[in-house]
Amino acid sequence: MGTVVVLITITGGLFSERAGAAGILPPNNPPANIAPSSPDFLTSIDTARAAEGVGPMEVSESVVSSLPVDEQAFIIINEERINRGLPPIAYVTAQLDADAQQGATASDDPGFPSALTGGSTLAWGGSVWAGGLSSVFGADYYWMYADGFGGAQGETTNADCSASASSGCWGHRDILLHEFASCGTAAPTLAMGAASSPTGSADGSIAAVVVSTCGAPPSDVTLTWSGVEASLFAPPEIIGLATVTNGLGYWEAESNGGVAAFGAATNYGSMDNTSLNSPVVGIEATPDGQGYWLVAADGGVFAFGDARFYGSTGSLHLAAPIVGMAPTPDGLGYWLVAADGGVFAFGDAAFLGSMGGHPLNRPIVGMAADPTTDGYWLVAADGGVFSFGAPFFGSTGAVHLDRPIVGIDALANGQGYRFEAADGGVFCFGAATFAGSMGGHALVAPVVGMAADAAANGYWLVAADGGIFSFGDASYYGRITG
């Protein structure tokens, strides 16, 4: 990673001490910058939080990283606030997102308006920017835990902190942890916006705006904390679906490694009674349907039935978590893919390329093997497709999506593929046919996976609560409940 430069703008406001607060709050700040403990930013954040007596962030890095940048920043900044006893920021607005986008594109602190859309005058405003980063977790790390003076021999990432006594030292942290003044007897209205730019600075540019008013909520709200909190922090248990070869059954897998079999599928074992270093993020069946693999976010691989273990990344330090797996057509190997596009090949799986080290507009969320070429496809959260040794049939990379793509499933003949989105939308390319979707329907939990019925013209979607949705000739055989 290149040099990180962080800037700050702040106006108005007072700091106050909050009763029952945890950690270090303004006007106090950490005694010194904390060096990253890991190449993974969330791990470094959690280590730094522990040093000031704050528990780890209770978020899934892969789930948060698959969301739009403003939602990522909304979650991460509010996690920093509420874990220290501060009230969360309540709203993200289109106006403040646009202001943040201008800052990210210009590689500078964004400005902020004098009043929010709807007419409420600002009581306080602050903005932050970080260059040389494409990760919101990374920006949060430098804003919160490496925002002070680095010393004569140390790295100073805060451009406004050129000496230990500079007033700008820890300024980004002070903005994110600001204790907003009350509005008489009422609480202030808190809002924010955030955005990124892949070209605003080398290796990326991220900006955020945080404001308060004593008026009514803004009229251009795009996200509310109550809505995000309800959907994100009700922990999804189900992570994926795999099917038997004849289409007469399937397995559902849980993040704790539990596996449930339905229809003609046989339960060959699970990991739910074993302590895992990382949650399970995927399940894939063997070609004959008499076994399956589970893969965890650290790249640990667990084989059951006639599935064989060919290797894993469980003992490696990964730059980004593993988000998917694809077996080779003969089942004698498999690929793992990480959120940054890195690909790891095991057994007879051939490494044909990856997106590791390349700038991505959105993180990779899944992969599928081409059974006819021994190549593979990667798909990003925006539906961008990257083909390696496999034909390109199309993508949604240039299409506005209501919710992010969460996975990809290839046809058995390699002549096309389908994407599924978190809202249940289905997108078909090549010879893949559309048999229906849950797009536009109210869902209790987001869709997390998809599997095709190889013996019929149909497919299943699976939601985080275990709900199964059958389309075309795919039959419903049951689901995990409770």
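Okay, let's start with one residue: F41 is buried, with a relative accessible area of 16%. Before I go on, keep in mind that what we have here is a predicted model.

So what does F41 do with its ring? F41 pairs with Y141, and the pair is tilted, with 6.3 Å from centre to centre and 35° between the planes. F41 sits in helix α1, residues 41-51, while Y141 sits in helix α5, so this pair ties together parts that are 100 residues apart in sequence. Y141 is buried too, and here the relative accessible area is 0%.

That brings us to helix α5 itself. How many of the ten residues of α5 are buried? Ten of the ten, so this helix, residues 136-145, is largely enclosed by the rest of the structure. If you want to click through them, the buried residues include V136, F137, W143 and M144. Have a look at the start of α5 as well: a side-chain oxygen of S135 comes to within 3.2 Å of the backbone nitrogen of F137.

Next, the cysteines. How many disulfides does a search of the whole structure find? Two. For anyone who hasn't thought about these for a while, a disulfide is a covalent bond between the sulfur atoms of two cysteines.

One of them is C161 with C169, where the sulfur atoms are 1.9 Å apart. The link of C161 and C169 is right-handed, with 90° about the S-S bond. Both cysteines are buried, C161 as well as C169.

The other disulfide joins C183 to C214, at 2.0 Å from S to S. Is this one right-handed or left-handed? The torsion about the S-S bond of C183 and C214 is about -85°, so it's left-handed. This pair links distant parts of the chain: C183 is in the loop between α6 and β4, C214 is in the loop between β5 and β6, and the two are 31 residues apart. C183 counts as buried because its relative accessibility is 18%. If you number the bonded cysteines in sequence order, the pairing reads 1-2, 3-4. And while we're on cysteines, C428 counts as partly exposed, because its relative accessibility is 25%.

Now let's move along to a sheet. This one is open, has three strands in the order β13-β14-β15, and the pairing is antiparallel. Which strands are at the edges? Those are β13, residues 322-327, and β15, residues 343-347, each of them pairing on one side only. On average, neighbouring strands in this sheet are turned by 20° against each other, ignoring direction. Between β13 and β14, residues 333-338, there are five bridges. If you'd like a spot to zoom in on, A326 stands opposite W335 in β14.

The same sheet gives us another ring pair. The rings of Y334 and F346 have centres 5.8 Å apart and planes at 45°, so that pair is tilted. Y334 is in strand β14 and F346 is in strand β15, so the pair ties together parts that are twelve residues apart in sequence. Y334 is buried at a relative accessible area of 0%, and F346 counts as buried at 14% relative accessibility.

To finish, let's zoom out on the rings. A search of the whole structure finds 24 aromatic pairs. Ring pairs also link W377, F393, Y417, F419 and F429 into a cluster, so to speak a last stop for your own look around.

Note on methods
Residues numbered from 1 in each chain as written. Predicted model: local features only at pLDDT ≥ 70, side-chain atom pairs only at ≥ 80, totals over all residues. Heavy atoms only, no water. Pairing = 2+ DSSP bridges. Helix = DSSP H or I, 4+ residues; strand = E, 2+ residues; numbered from the N terminus. Axes fitted to C-alpha atoms, helices over the stretch in contact; angles between N-to-C directions. Buried < 20%, exposed > 50% of the residue type's maximum accessible area, 1.4 Å probe, protein only. Polar contact = N/O pair within 3.5 Å; in protein donor to acceptor, adjacent residues only side chain to side chain. Disulfide = S-S within 2.5 Å. Phe/Tyr/Trp six-rings, centres within 6.5 Å; stacked < 30°, edge-to-face > 60°.
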